[in-house]
Amino acid sequence: MGVFQTRKYPSSASTGTFAAKYRTLMAKQPFLLFGLPFMGIIVAGSFILTPATAIRYEKHDRRVRQMTRDEELGVGKAGRRVDMKEEYYRLAAKDIDNWEQRRVKRLPGEHDGIL
């Protein structure tokens, strides 16, 4: 009995195409035709995406910035100018020793905590 050959002979119609030439070159030099373009795309992508990422973070920094103490106090709708000494004396003038404990009214159907 004869031995079958492992090598296939291509037809004459498919040998002249670009795909056939690429396949034969790919079998001989896979890094040059596959690995090198792949690594080139990765490196070029990092150079292209770096400015895009920088623009994203610059936009974020413009939107979110550190506020000064005066700006923090004036952020609310009814923001008023606050003087620390004035607030201290206003709170010191209150009678904090004379107070009364009151229960908070519960919503209907809510457990009131009484046993």
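In the predicted model, Phe-31 has a relative accessible area of 48% and is therefore classed as partly exposed, a value that falls between the 20% limit for buried residues and the 50% limit for exposed ones. Phe-31 belongs to helix α2 and contributes to a nonpolar surface patch that also includes Leu-32, Leu-36, Phe-38, Met-39 and Ile-42. Together, the residues of this patch present about 620 Å² of accessible area.

Helix α2 itself spans residues 30-63, a run of 34 residues. The distance from its first C-alpha to its last is 49 Å, which is close to the 50 Å expected at 1.5 Å a residue. Helix α2 nevertheless bends by about 25° at Leu-49, and a proline, Pro-51, follows within four residues of that position. The UniProt record, an unreviewed entry, lists residues 31-55 under "transmembrane region". Over residues 31-55 the model is 100% helix and 0% strand, with the end C-alpha atoms lying 35 Å apart.

With regard to the chain as a whole, the secondary structure consists of four helices and zero strands, so that the order read along the sequence is α-α-α-α. Of the 115 residues in the chain, buried residues account for 3%. The area exposed by the chain comes to about 12200 Å², of which 62% is supplied by carbon and sulfur atoms.

Among side-chain contacts between opposite charges, the count comes to one salt bridge, formed where the side chains of Arg-90 and Glu-87 meet at 2.8 Å, N to O, a distance that lies within the 4 Å cut-off applied to such pairs. Both partners are located in helix α4, which covers residues 84-92, and they stand three residues apart, or about one turn of the helix. The two residues were assigned to separate accessibility classes: Arg-90, at 41% relative accessibility, counts as partly exposed, whereas Glu-87 is buried, because its relative accessible area of 14% is under the 20% limit that defines this class. The salt bridge in helix α4 thus joins a partly exposed arginine to a buried glutamate.

Definitions and conventions. Residues are numbered from 1 along each chain as its sequence is written. This is a predicted model: local features need pLDDT of at least 70, side-chain atom pairs count only at pLDDT 80 or more; totals for chains, interfaces and linings use all residues. Side-chain values use heavy atoms; hydrogens and water are left out. Helices (H or I, at least four residues) and strands (E, at least two) are DSSP runs, numbered from the N terminus. The expected span of a helix is 1.5 Å times one less than its number of residues. The bend at a residue is the angle between axes fitted to the seven residues ending there and the seven starting there. Buried means under 20% relative accessible area, exposed over 50%, partly exposed in between (1.4 Å probe, protein chains only). Accessible areas come from the Shrake-Rupley method with a 1.4 Å probe; for residues, only the protein chains shown count as cover. UniProt positions are given in the numbering used here, feature names are shortened, and annotations may be inferred rather than shown by experiment. Patches are made of residues with over 30% relative accessible area and no salt bridge: like charges are joined within 9 Å, nonpolar side chains (Val, Leu, Ile, Met, Phe, Trp, Tyr) within 5 Å.
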